[in-house]
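Subject: Structure handover

Dear colleague,

Here is the structure I promised to pass on. Please open it first; my notes follow below.

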Amino acid sequence: MSRTTDVASQDGNKSKNQLRVGRLVKAHGLKGGLKVELYTDNPERRFHTGAAFTLQVPEASPWHGKDVTIREYRVMNGSPVVFFDDVEDRTAAESLVRAILWIDQDVDEVEDNAWFDHQLVGLDVVRDDVVVGRVVRIEHFPAQDLLIIKTGEREIMVPFVEAIVPSVDVAQGRVIVTPPPGLFEDLPDSSDVEAAPSSDADAAE
């Protein structure tokens with residue numbers, strides 16, 4: 001699940017923004033259903049009959065520039081499945097696969113355990129109580145978000161997942177990271193490590 005709350009401004013309406021709340025990942029069944037990868041901690045509020053979404057799709061898609069409206073939302077075999085008005089069969093559903101869903105939302109509303117990009121940019125990055133860098137931007141990908149961290153002259157891409165970024169403290173101006181070995185530093189190459197002299201060989205001499 002995404003840990004950021006993406007925002008895209010709407011022209012002419014300063015009180016509203018577009019928030020990314022899901023991605024359509026696979027057609028489900030023969031009646032136009034689509035499995036949804038949720039980018040929200042409150043799907044019951046976002047996905048309900050009558051909810052309208054703006055679609056993010058390639059310009060070549062027949063859905064480019066269009067909205068969709070939910071006619072039904074279900075959880076089937078543990079997976080969220082959505083049905084839209086005017087999407088009546090599997091062929092139509094397949095044309096929507098990989099589309100990202102955006103919904104009108106008040107700019108001040110924040111999801112649990114999620115942050116706006118502008119809240120993260122500029123935060124210090126702390127590892128083992130030492131500041132090791134600073135967040136310079138966020139990259140959004142379907143699978144996960146990445147924090148781009150400037151450390152020295154390098155930029156490091158850090159998956160924004162709880163296992164690696166367990167704590168975000170906007171008030172204190174920092175994020176805590178617990179990266180795996182090699183993410184922030186180059187691991188020594190085994191060919192560069194010289195074998196230590198054998199104590200048995202020394203004794204034989």
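Which residue in strand 7 is the bridge partner of L34? It is V82. That bridge belongs to the pairing of strand 4 with strand 7, which is antiparallel and has two bridges. V82 is also the bridge partner of Y73. Please keep in mind that this is a predicted model.

**Overall**

The protein chain has 205 residues, and 38% of them count as buried. Its secondary structure consists of four helices and 15 strands. Among contacts with a separation of 6 or more, 52% are between residues 24 or more positions apart. The exposed surface is about 12,000 Å², with 48% of it coming from carbon and sulfur atoms.

**Strands 5, 6 and 7**

Strand 5 runs antiparallel to strand 6, and three bridges pair them. One residue pair here is T54 with D67, the latter in strand 6. Strand 6 in turn is joined to strand 7 by six bridges, again in the antiparallel sense. Across that pairing, E72 stands opposite F83 of strand 7.

The hairpin of strand 6 and strand 7 has two residues between the strands. N77 takes a positive phi there, near 55 degrees. Strand 7 itself is mostly covered: of its six residues, five are buried.

**The cores**

The largest nonpolar core has 23 residues. L24, F47, F53, L55, F84, L96 and L101 have the most contacts inside it. Several elements each supply at least two of its residues. Among them are strand 3 (16–28), strand 4 (33–38), strand 5 (52–56) and strand 6 (67–76). Strand 7 (79–84), helix 2 (90–94) and strand 8 (100–106) also belong to that list.

Another core lies apart from this one. That second core has 17 residues, including L120, L147, V158 and F184. As general background, nonpolar side chains in soluble globular proteins tend to be buried together.

**F47 and its rings**

F47 deserves a look of its own. Is F47 buried or exposed? F47 is buried, because its relative accessible area is 2%. Beyond its neighbours within four places in sequence, F47 is in contact with V21, V36, L38, T40, F53, I70, Y73 and L101.

The search of the whole structure finds two aromatic pairs. F47 and Y73 form a stacked one. Their centres are 5.5 Å apart, and the planes make an angle of 25 degrees. This pair links distant parts of the chain, with the two positions 26 residues apart in numbering. F47 sits in the loop between helix 1 (43–46) and strand 5, whereas Y73 is in strand 6. Ring pairs also bring in F53, giving a cluster of F47, F53 and Y73.

**W102**

W102 is in strand 8. W102 counts as buried because its relative accessibility is 13%, and the cut-off for buried is under 20%. In sequence, W102 and G22 are 80 residues apart. Their C-alpha atoms, however, are separated by 7.4 Å.

**The six-stranded sheet**

One open sheet has six strands, in the order 13-12-11-10-15-14. Its pairing is mixed. The edges are strand 13 (154–159) and strand 14 (167–169), each of which pairs on one side only. Neighbouring strands of this sheet are turned against each other by 35 degrees on average, direction ignored.

Strand 11 (residues 130–140) and strand 12 (residues 145–151) are antiparallel and share six bridges. H140 has D145 of strand 12 as its bridge partner. Strand 12 is also joined to strand 13 by six bridges, and these two strands run antiparallel. In this pairing, I148 has M157 of strand 13 as its bridge partner.

Which residue takes a positive phi in the hairpin of strand 12 and strand 13? It is G152, with a phi near 65 degrees. That hairpin has two residues between the strands.

**Where to start**

I would begin with F47 and Y73, the stacked pair. Then go to V82, the bridge partner of L34. Finish with the open sheet of six strands.

Best wishes

Notes: Residues numbered from 1 in each chain as written. Predicted model: local features only at pLDDT ≥ 70, side-chain atom pairs only at ≥ 80, totals over all residues. Heavy atoms only, no water. Buried < 20%, exposed > 50% of the residue type's maximum accessible area, 1.4 Å probe, protein only. Contact = heavy atoms within 4.5 Å. Areas by Shrake-Rupley, 256 points an atom, 1.4 Å probe, with all protein chains shown as cover. Pairing = 2+ DSSP bridges. Axes fitted to C-alpha atoms, helices over the stretch in contact; angles between N-to-C directions. Core = buried A, V, L, I, M, F, W, Y, C linked by side-chain atoms within 4.5 Å. Phe/Tyr/Trp six-rings, centres within 6.5 Å; stacked < 30°, edge-to-face > 60°.
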